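Hi,

Here is the structure I promised to pass on. Have a look at it first, and then read my notes below with the model open beside you.

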Amino acid sequence: APEASPPRSSASPTWALDFACGVMEEIARAAELGSPEFAHGGVEVRGVLSGSIHRRTILIESWMPFAQDPAGGPTFSDADRARLLSLVDPRAPLPARGPTAVGWMVSHTRSELLPDPADIALFDEFFPHSWQFLLVVRPMPGRATQAAFFARATDGSLNTSRAYQELQIRRNGTESTVDDKEPAVGETAGASQEQANTAAARSGM
């Protein structure tokens, strides 16, 4: 797994990201398999990121693909929302221990490596916490799959101006390597001091 990102601002505490072995490669493979499935760029893959929080590091341990109702087209139907609500509870506090939903993943096969308005609206509805991230993945034919994590700014809004962390997921035969890009520096998302202290206390700091 790649090294966790260091804190990006001394003004407020931030979360570091780490990944269980193979999880990002698995997500990349799913996005790549979806890419050629249909004409005009393929089908976009979505899923719930599951992980645990250790002090101020969020460890992404697995992900659960989420298949939309095909009758609803590209938009989320009421049935989709009900199913997603059965998997994640937006009102649930940070758990004392064990796995929890730490984010949402979506692949973009026809657009930039940025969340679109529908991604943001869904993320705000189901993943409102500062310790939850939006992951956008873009498969690139013949090249490394691009991935970018987006997080909330200190005012609670999703910071879409710059990615919190970017990755390039490369495949070499049956092996894959994840290369971290340099994290952006500046006004970034992070938990409030109270939230960070609570997370640290719950993880045994």
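Before any counting, a word on terms: helices (H or I, at least four residues) and strands (E, at least two) are DSSP runs, numbered from the N terminus. With that in hand, the chain has four helices and eight strands. Please keep in mind that this is a predicted model.

The overall picture

Starting at the N terminus, the order of elements is β-α-β-β-α-β-α-β-β-β-β-α. The chain has 205 residues, and 47% of them count as buried. If you take contacts between residues at least 6 apart in sequence, 61% of them join residues at least 24 apart.

The strands E2, E4, E5 and E6

I'd start with E4 (100-107). How many of its residues are buried? Eight of the eight are, so E4 is largely enclosed by the rest of the structure. On the pairing side, E4 and E2 (46-54) run antiparallel, with six bridges between them. In that pairing, serine 50 sits opposite alanine 101 of E4.

E4 also pairs with E5, this time in the parallel sense, over five bridges. Look for tryptophan 104, whose bridge partner in E5 is leucine 134.

From E5 (residues 133-138) you can carry on to E6, since five bridges join these two antiparallel strands. One pair to find here is arginine 138 with glutamine 146, its bridge partner in E6. E5 and E6 form a hairpin with six residues between the strands, where glycine 142 takes a positive phi near 75°. Is E6 itself mostly buried or exposed? Five of the six residues of E6 (residues 145-150) are buried, so this strand too is largely enclosed by the rest of the structure.

A general point may help while you look at these: in a regular strand the side chains alternate between the two faces of the sheet.

Around E2 and E3

Leucine 49 is a residue of strand E2. Why does leucine 49 count as buried? Its relative accessible area is 1%, and buried means under 20%. Leucine 49 is 13 residues from serine 62 in sequence, with 6.2 Å between their C-alpha atoms.

Just along from there, arginine 55 is in the loop between E2 and E3. Its phi is near 55°, which is positive although the residue is not a glycine. For background, most residues other than glycine have a negative phi.

How H2 and H3 pack

Now turn to the helices. At what angle do H2 and H3 pack? Helix H2 (residues 78-87) and helix H3 (residues 117-126) are at about 45°, and their axes are 11 Å apart. That angle makes H2 oblique to H3, because angles under 35 degrees count as roughly parallel and those from 65 to 115 as roughly perpendicular. The crossing of the two helices is right-handed.

Which residues make the contact? From H2 they are Arg81, Leu84 and Leu85, and from H3 they are Leu122, Glu125 and Phe126. Sorted by type, the residues of this contact come out as four nonpolar, two charged and no polar.

Two loop residues to click on

Threonine 75 is in the loop between strand E3 (57-65) and H2. Setting aside neighbours within four places in sequence, threonine 75 is in contact with Gln68 and Asp80. Its C-alpha atom is also 8.0 Å from that of alanine 118, although the two are 43 residues apart along the chain.

Glycine 98 is in another loop, the one between H2 and E4. Is glycine 98 buried or partly exposed? It counts as partly exposed, at 34% relative accessibility. Not counting residues up to four places away in sequence, glycine 98 touches Gly51 and Ser52. Serine 52 is 46 residues from glycine 98 in sequence, yet their C-alpha atoms are 5.9 Å apart.

That's what I have for now. Happy hunting!

Technical notes
Residues are numbered from 1 along each chain as its sequence is written. This is a predicted model: local features need pLDDT of at least 70, side-chain atom pairs count only at pLDDT 80 or more; totals for chains, interfaces and linings use all residues. Side-chain values use heavy atoms; hydrogens and water are left out. Buried means under 20% relative accessible area, exposed over 50%, partly exposed in between (1.4 Å probe, protein chains only). Two strands pair if DSSP finds at least two bridges between them. Axes are lines fitted to C-alpha atoms, for helices over the stretch in contact, and angles run from 0 to 180 degrees between N-to-C directions. Angles under 35 degrees count as roughly parallel, over 145 as roughly antiparallel, 65 to 115 as roughly perpendicular and the rest as oblique. A crossing is left-handed if the near helix is turned anticlockwise from the far one by less than a right angle, and right-handed if clockwise. Contact means heavy atoms within 4.5 Å. Ala, Val, Leu, Ile, Met, Phe, Trp, Tyr, Cys and Pro count as nonpolar, Asp, Glu, Lys and Arg as charged, and the others, Gly among them, as polar.
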